[in-house]
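Dear colleague,

I am handing over the structure we discussed, and you will find the sequence and the model directly below. After that come my notes on what turned up in it, arranged by topic so that you can follow them with the model open.

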Amino acid sequence: MLVKPTQPSPTDTSPLSSKVVSAAASNKVFFFHHTIEFAMVLENKNEATKVLCNGQHLITEIWQCPQHELLMCRKCCFPPEVIIPTTCPDHKVQVFHDKLAGRLIFTQQVRCPTKDTFNAACPWSGQYSQVTSHLDDCTFVPSAARVAMQNAMLKAADRRAVQKYEELKKETAHQISQVKKESDDKVNAMERLLNQRNHTLMEKNDELETRLNNLAAQLAELRVTTTASAVVHAASSSTVIAEEPPRFYDGTLLWKITNWSIKYQRAKSNLNHHFLESPPFYTSKDGYKMRMRLYPNGDREGKGTHVSVYLQIMKGEFDAILPWPFRRKITVMLLDQSNEVHHIDAFRPNSLSNSFHRPEQECNRAIGMPMFIPQEYLNRYAYLRDDTMFFKAVVNPDYSTLLAPI
C-alpha cells in the first residue's frame, strides 16, 4: 500500500495508518519478485515514501482511492482473482488507476537488491521499472532462490492458463447458447409459418367441399323440380312416364369422405372444424329433409376415443303435409370397402325430443350415436382405404336394401 508524502494525524484510526509511520523511517523497500522477497536500497532516501510498499511487494500497478487519498498497491489491496479492481476494500467507493503515481515510482533510480538481500556484489543500477527484468538474468541470485523464482513463475503461468481456460469456456458456452437460441427461434418461426399455411390450405379445402356439397344439393333439388314438372306434363297428356328416383331422394344417403387423416387431425386440434356435414338427402321425393353430422375425434362421451355420428332433420319444402313428430327408424353404416363386415348401428326417434318435431329454424339439434365406432377399429377392417371412408344412412329401411351390394 502506498501513501502520498503527507503524514497522517495522530487520531487517524485507519488500519493503514500504522503502516505509514513505519514506512517513512526506512530507506529499504522489501518486495516480492515472483513470490521471493528482496530488500531494495533507494539512491534518494528522501523519496522513500513514493516507492515504498507497506505490504512489501514489488509495485506493478498503483490505484487511487479519492476518499482517504491513499495510493493503493495492486497486490496488497485486491485479491489475486480480481482482474480489474473497482472499489476500495475499506470505503467501498470506486477507485481508479493512478498512472501518474506509477510513472513517478517506476522512474526512481535503484541498485540491484541482491547486494542487501544476499550480500552480493552485483554492480547493476537502473530505474525501478527495470528491477524485475534484471533479476531474471542476475547471476548474483543464489541457485535455490532462482529455482524458487522459476517454480513460482510456472505456478503463476499455470494459474493464468487455468483462468484463461475458464474464461474461454464461459465465452464458448455463451456463444453456443446464443447460436442454439437463434437456431431454435428460426425453427419455431418456420414451424409457425408451416402451421399457418397448412391451416389456410385446410380452410380452403373445407370451403371447396362445402361449395361442392351445396352444388350437389342444388342439383338434386333441380332434378326433383324437373321430375315433378315432367310428371305433371305426362298426366296432362295422358302419357305415363316411368323414371328412377334421383339419388339421395329414396331415404338413403351414401356419403364419401376423402382426406380422412387431414380432417381427423384438424378435428383433434380443435381448429373450429371439429365436425363434418353431409349433403342433404330426402326420405322420398316429397319426404323429410335430413343430413348426417360426423365428429372424427368424437363428441361428448365419445370424445377422443370414438367416431360420433348424428342425424339432423332440416327444414324441407314438404314439411307442412308430413306427419310430426318424426317416428321412422334410422340405420347408419360404416361400409367395409371389401364388402365383408359393415359396421351397423340404428336408433328410433324419441317423439318427446324437439329434435324430431317440425323444424322452426333451418335445422333441428343433431341427435344420434356419440360412440358409433372406436377410432382404433378403423384400420381393423377395410373401413379406411386410400384415406377415404364411406358412410350410409337409411331411413325406415327394408332389410333387403341393407344387405344389397353398394
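**Aromatic pairs**

Y288 is a buried residue, with a relative accessible area of 4%. Please keep in mind throughout that this is a predicted model, and that the values below are computed from it. The ring partner of Y288 to look at is F326, which is also buried, at a relative accessible area of 1%.

The structure holds 8 aromatic pairs. In the one formed by Y288 and F326, the ring centres are 4.8 Å apart and the planes stand at 90°, so this pair is edge-to-face. The two residues come from distant parts of the chain, since Y288 sits in the loop between β11 (281-282) and β12 whereas F326 sits in the loop between β13 and β14, 38 residues apart. Ring pairs also join Y288 and F326 with W324 and F356 into a cluster.

Another of the aromatic pairs is made by F372 and F391, with 6.2 Å from centre to centre and 45° between the planes, which makes the pair tilted. F372 belongs to strand β16 and F391 to strand β17, so the pair ties together parts of the chain that are 19 residues apart in sequence. Both partners are buried, F372 with a relative accessible area of 2% and F391 at 0%.

**Nonpolar cores**

F391 appears again in the largest nonpolar core, which has 32 residues, and in which M290, L294 and F391 are the residues with the most contacts inside the core. The elements that contribute two or more residues to this core are β9, α8 (260-268), β12, β13, β14 (330-334), β16 and β17. If you would like to trace the surroundings of M290, then, leaving aside its neighbours within four places in sequence, M290 is in contact with residues including P279, P280, F281, L311, I313, F326, I330 and V395. F326, the ring partner of Y288, is thus also among the contacts of M290.

There is in addition a second, separate core of 11 residues, and among its members are I62, C122, Y128 and V141.

**Strands and their pairing**

Strand β13 (residues 306-314) is mostly covered, with 9 of its 9 residues buried. In a regular strand the side chains alternate between the two faces of the sheet. In β13 both faces are covered, with H306, S308, Y310, Q312 and M314 buried on one side and V307, V309, L311 and I313 buried on the other.

β13 has antiparallel pairings with β12 and β16. With strand β12 (residues 289-295) the pairing runs over 7 bridges, and here K289 has M314 of β13 as its bridge partner. With strand β16 (residues 367-374) β13 is joined by 5 bridges, and in this case V309 has M369 of β16 as its bridge partner.

A further arrangement worth finding in the model is an open sheet of 4 strands in the order β9-β17-β14-β15, with antiparallel pairing. Its edge strands are β9 (252-257) and β15 (343-347), each of which pairs on one side only, and the twist averages 15° from one strand to the next. Within this sheet, β9 and strand β17 (residues 389-395) pair in the antiparallel sense over 6 bridges, and K256 finds its bridge partner in F390 of β17.

**Cysteines**

How many disulfides does a search of the whole structure find? The search finds 0 disulfides. C138 illustrates this, because its sulfur is 3.8 Å from the closest cysteine sulfur, that of C122, which is too far for a bond; the cut-off used is 2.5 Å between the sulfur atoms. C138 counts as buried, at 2% relative accessibility, whereas C363 counts as partly exposed, at 22%.

**One tryptophan**

Finally, W63 lies in strand β4 (residues 62-65), and W63 is buried, with a relative accessible area of 8%. Although W63 and D98 are 35 residues apart in sequence, their C-alpha atoms are 5.0 Å apart in space.

With best wishes

Notes: Residues numbered from 1 in each chain as written. Predicted model: local features only at pLDDT ≥ 70, side-chain atom pairs only at ≥ 80, totals over all residues. Heavy atoms only, no water. Pairing = 2+ DSSP bridges. Axes fitted to C-alpha atoms, helices over the stretch in contact; angles between N-to-C directions. Buried < 20%, exposed > 50% of the residue type's maximum accessible area, 1.4 Å probe, protein only. Core = buried A, V, L, I, M, F, W, Y, C linked by side-chain atoms within 4.5 Å. Contact = heavy atoms within 4.5 Å. Phe/Tyr/Trp six-rings, centres within 6.5 Å; stacked < 30°, edge-to-face > 60°.
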